[in-house]
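Student: Could we go through this model together, setting each value against the definition behind it?

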Amino acid sequence: MSERYDPKEAEPRWLAYWDKERIFAFDPEKKGAVYSIDTPPPTVSGKMHIGHAFSYTQQDILARYKRLRGFNVFYPFGTDDNGLPTERLVEKMKSVKGVDMERQAFIKLCEDALKELRPAFVSDWKRIGTSCDFNLFYSTISEHCQRISQWSFLDLHKKNRAYRKESPSLWCPLCRTAISQMECKDEEKTSTFNDIVFTVDGKELVIATTRPELLPACVAIFAHPDDDRYKKLIGKKAKVPLFGHEVPIMTDTRADPTKGTGIAMCCTFGDQTDMEWYRAHKLPLREALARDGTMTALAGKYKGLHVHKARKQIIADLKEAGLLKKQKDITHPVKVHERCSTDIEIINSKQWFIRYLDLKEDMLKWGAELKWYPDFMKHRYDNWVKGLQWDWCISRQRFFGVPFPVWYCAKCDEPVFASEKDLPVDPLKDKPSVKACPKCNHDKFVPEKDVLDTWATSSMTPQIAVQLLPEKHRSKVFPMSMRPQAHEIISFWLFNTLVKSKLHYNKVPWKDVVISGFVLDPLGEKMSKSKGNIVEPQTILAKYSADALRYWAAGSKLGEDIAYQEKELVSGDRFVTKFWNAARFAAMHLKDADWKKLAKKEPTEVLDQWIQHRLAVTIEEATEAFEQYEYARAKTAIEQFFWKDFCDNYLELSKQRLYSPKTPEEKESAQIVIAKCISALVRLFAPFTPFITEELYHNYLHTHEGYPSVHVAGWPEPPKKHENADKIGTMVVEILSAVRKKKSEAKLSMKAPVKKLVYEAEVDISKAIPDLQATTAAEKVEKGKAKEEVSTGIKVTIEL
Ligand SMILES: [Zn+2]
Ligand SMILES: [Zn+2]
């Protein structure tokens, strides 16, 4: 056995071994309970980032625990590579714009980029020791996923949940596509509130707005019905400054008398309220904004200007005409597209929607059917559901995505749907299965060009994963046991997966949801390219080991954000070295012994019984914590046992009996518990640090136990407890600590002799005295009146 452990050499060796021996392969024929995991498919973005390394390690720890518990673990792996994220990545990589390219050429570019990026990307996941079955692999743009995604759309249409409608929709002018409410985020932006002069019967009417560029889209003015200031104006017409058209002055309770001048203009569309007014009062549609974020012909001389330029120009012109009374600088939340931070507009267009605003009550009930870890994360789900204002718009005017399986009659616009057996289809290439329109008998069709929102596909991951298996095995893994995911996509991914599973199958897709936090920089700030504070897992792995990285990731409580600290990686590496050395020391004293046989015996010496008791308690604590998915708590318990009880105290206290035993029995008693402890520790640490534990397992235990890997060698059972020995051991450790403290205060070596040690203990610790005497190098140990209280019930007098 080599003297040093080199993770740089060992980790790739074990990765190759696990792969070759198919240690993590799912065998559906295997007997026993299945534990199935709906692995989040990372978005192919070139490289794994630190947040991935963090959250995938946490879920992998849980997967490995379940495997050790004897579950047949179904842990597939996929990549999410359709939709806007890939398009934006390719646009950046190749300096192109999808909207300006020939569609098929752009799609080809995306496919090629994925082919190029995917292998290295996936290997990052393998490198950190993710124990997925990488043969159960999917890509969300594959035919397999397209078929399931299109089936989902057809099924929702059959269930009267998918509908197509021309209506105001949230729109990103940069990506030039409709988007959904979940893709919006609020960003604090500075702006000005402008008091602008309208005229009514030749008199001034001042209205405050942040969006004067929408004046050409103004269709009405609203005051609150109880607002006495404006009562006499209701029913009259106001003239819009600069543009000159006249709009009615009306009342609506949604007008806020305390905001601005208390009277508001309604444009189609400046915001959500405009849309509500447009619908409630059947107002005309005046579209001043084009889909690319520039002004339309309705804006007259401002036509073609980008919305921000138009705003500046219109303000300047109002000022010059004396129509701007006042300007106030403000900071307010603006809805932006989460992918590109562009201000969102509301633009009228024809889109497919999933009807679900009527299901809010049910959605809250569905959320309550899941078990949430940590439980407070459920609030985020509830808040999202309560705040829903839009049905889910699933049309995207983009290119690299799953096509809608739909054509429209060229004459009457009636949609014609693909048949299920033909899926997946691409309406741009394939023909509909009917010869003529079922409504008007016309025989020409127009293919749907839009693609499905990427979340419409990724919300099907349970089915995508499950259908990788032959049909007869699928019910074994669905509904799934667990969905692990990050908290920031509860509204996207968790919500939609749950809703779809309920709508399709009337079942929750998983039993438990396990939510992880974020990684922040060392100062607790969010990491971002612009701040230059990004830490890359690849850099960490070049310097430290994957085990060290995982050791760090396991240190934060489930669901909590963590600040990245390099010293945690140092601790991880230190642990690996310590574990290696402790195991080597232990093994040296177990030479030629059969570990398996030893571990079946009971220790006879009191301190051996004490450490066995501590081991039993530790296994119980770790198991209990793991059952709640609290890996950090499990890790703390195991670590405490390893560093303090086992290394610092027990191995020291038993040294004398190991090196120069008085009887073979007292040595064997120590060997028994050392075999038990090491055998348990490699298993207890295996979920956290899979590499070093595999190395140690193969070095010391494999030949006796025969399992191909520690990761399938079973979770340890707590050995027999010895309550009384625990009391004695605890006191002995207190005395040992007091002696060590005294020596260190006197600046003496730990080996320095103690002239006399007098103790006074409530419990009879005499059986442990020989070990204590040897460890403290005490010339004399006596029971008697002692001076110094070191803990409740123990006093000592130490003479150096
Ligand atoms: Zn965008
Ligand atoms: Zn027709």
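Tutor: Buried means under 20% relative accessible area, exposed over 50%, and partly exposed in between, with a 1.4 Å probe and protein chains only. By that cut-off, buried residues make up 57% of the 800 residues in the protein chain. This is a predicted model, in which local features need pLDDT of at least 70 and side-chain atom pairs count only at pLDDT 80 or more, while totals for chains, interfaces and linings use all residues. Residues are numbered from 1 along each chain as its sequence is written, chains are lettered from A and ligands numbered from 1 in the order in which they are written, and side-chain values use heavy atoms, with hydrogens and water left out.

Student: What makes C172 (SG), C175 (SG), H337 (ND1) and C340 (SG) the protein donors of the zinc ion (ligand 1)?

Tutor: Donors are N, O and S atoms within 2.8 Å of the metal (3.2 Å for Na, K and Ca), and water is not among the atoms, so sites may look incomplete. These four atoms lie 2.1 to 2.3 Å from the zinc ion, and therefore they count.

Student: Why is the site of the zinc ion (ligand 1) called tetrahedral?

Tutor: Four donors count as tetrahedral if all angles lie between 85 and 135 degrees; the angles among the four donor atoms here are 104 to 120 degrees, so the site qualifies. C172 lies in strand β5 and C340 in the loop between β13 and β14, so the pair ties together parts that are 168 residues apart in sequence.

Student: How do you know whether C172 is buried or exposed?

Tutor: Its relative accessible area is 0%, so C172 is buried, and C340, at 18%, is also buried.

Key:
Four donors count as tetrahedral if all angles lie between 85 and 135 degrees; four count as square planar and six as octahedral if opposite donors are over 155 degrees apart and all others between 65 and 115; anything else is irregular. Helices (H or I, at least four residues) and strands (E, at least two) are DSSP runs, numbered from the N terminus.
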